[in-house]
Amino acid sequence: MNSDPTVTDRRAHAGDGLDCFLRGARIMREKPLRPFVWGPVAVSLALVVVLLAVGYTLVQDAVAWVGEALPSWLGWLASGLAPLLYIVGVVVAGWLFGFLAVIVASPFLGVLSAATEQRQYGDKPDFEESVGLALVHALQREGRKLAYHLPRLLGVFVFSLLPIINFVAPALWFVFGSWMLAVQFVDYAAENRGLAFRHTLALLRANRGAALGFGALAALLLAVPFAALVVIPAGVCGGALLWRRLSP
């Protein structure tokens, strides 16, 4: 039973989440929204450059360490592991980049969410703040999200280390990542209305299928190098649409 009386279970399913994300990807390309998309894209591009440089150095060090650790008769294995390490590094960097970009670009993303609602529905949240106050509240909001996500992240990590049952760890990480992304992207619409973070959680818990469908597509795309340049604005636009679809 839903614990938040302000949230109505709309019996949404995974298809609703997928549809909202794809619609968000289309809407973000429309001319009226383009000025609001450039900020997140610029932040994302800067992070891509930094993380690629750092990631390339780390992978090079890992390849060198593996080559030195292996006995001479297994030297051929080091050359075979190098491409695998680079692939893993790219995937991990893509996920890390996506989450960092969302946090760093958060001051721009609330504006994009509101502009999406204005474009699609002809109205937007009337909760107004000064630029400075909005920035402070955006950073505070990200802190609340981190306080929510980090203990659960630690729990998933510990679970993935347990013997025998850790074979489901990859699926668990994917589901957890999907949920985090859905919470992150949909919450901008709640923040624009001055609603507490718990309201977003209650809304998505009442519609887990739609939330996971939305987040799963975003998570898959974030694993593709450079895809996060468009995944983040598409997720924010789609998150605003999902909020409107799920809200009473």
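## Exercises on an all-helix model

At 3% relative accessibility, Phe 21 counts as buried. Keep in mind that we're working with a predicted model here.

**Exercise 1. Which residues does Phe 21 touch beyond its neighbours within four places in sequence?**

Solution.
- Start by placing the residue: Phe 21 is found in helix H1.
- Next, check burial. The cut-off is under 20% relative accessible area, and Phe 21 comes in at 3%, so it is buried.
- Now list the partners. Phe 21 is in contact with Phe 214, Leu 217, Ala 218, Leu 221, Val 231, Ala 234, Gly 235 and Gly 238.
- Finally, look along the chain: Gly 239 is 218 residues away from Phe 21, yet their C-alpha atoms are separated by 7.0 Å.

**Exercise 2. At what angle do the axes of H6 and H8 cross, and which residues make the contact?**

Solution.
- Size up H8 before anything else. It covers residues 208-222, 15 in total, and spans 21 Å from first to last C-alpha, close to the 21 Å expected.
- Then take the axes: those of H6 and H8 come within 7 Å, crossing at roughly 105°.
- Angles of 65 to 115 degrees count as roughly perpendicular, so H6 is roughly perpendicular to H8.
- On the H6 side the contact involves Phe 174, Val 175, Ser 178 and Phe 185, among others. H8 contributes residues including Arg 208, Leu 212, Phe 214 and Leu 222.
- Now for burial in H8: Gly 213, Phe 214, Gly 215 and Leu 222 are among its buried residues.

**Exercise 3. Is Gln 184 buried or exposed, and what does its side chain pair with?**

Solution.
- Gln 184 sits in helix H6, which runs over residues 169-192.
- Its relative accessible area is 8%, so Gln 184 is buried.
- For the partner, go to Tyr 188: a polar contact of 3.2 Å links its side chain to that of Gln 184.

**Exercise 4. How many residues does the largest nonpolar core have, and which helices each supply at least two?**

Solution.
- The largest nonpolar core has 41 residues, and Phe 185, Leu 204, Phe 214, Leu 242 and Leu 246 have the most contacts inside it.
- The helices that each supply at least two core residues are H1, H2, H4, H6, H7, H8 and H9.
- Zoom out to the chain: its secondary structure is 9 helices and 0 strands, and 42% of its 248 residues count as buried.
- Last step, the contacts with a separation of 6 or more: 83% of them are between residues 24 or more positions apart.

Notes
Residues numbered from 1 in each chain as written. Predicted model: local features only at pLDDT ≥ 70, side-chain atom pairs only at ≥ 80, totals over all residues. Heavy atoms only, no water. Helix = DSSP H or I, 4+ residues; strand = E, 2+ residues; numbered from the N terminus. Buried < 20%, exposed > 50% of the residue type's maximum accessible area, 1.4 Å probe, protein only. Polar contact = N/O pair within 3.5 Å; in protein donor to acceptor, adjacent residues only side chain to side chain. Expected span 1.5 Å × (residues − 1). Core = buried A, V, L, I, M, F, W, Y, C linked by side-chain atoms within 4.5 Å. Axes fitted to C-alpha atoms, helices over the stretch in contact; angles between N-to-C directions. Parallel < 35°, antiparallel > 145°, perpendicular 65-115°, else oblique. Contact = heavy atoms within 4.5 Å.
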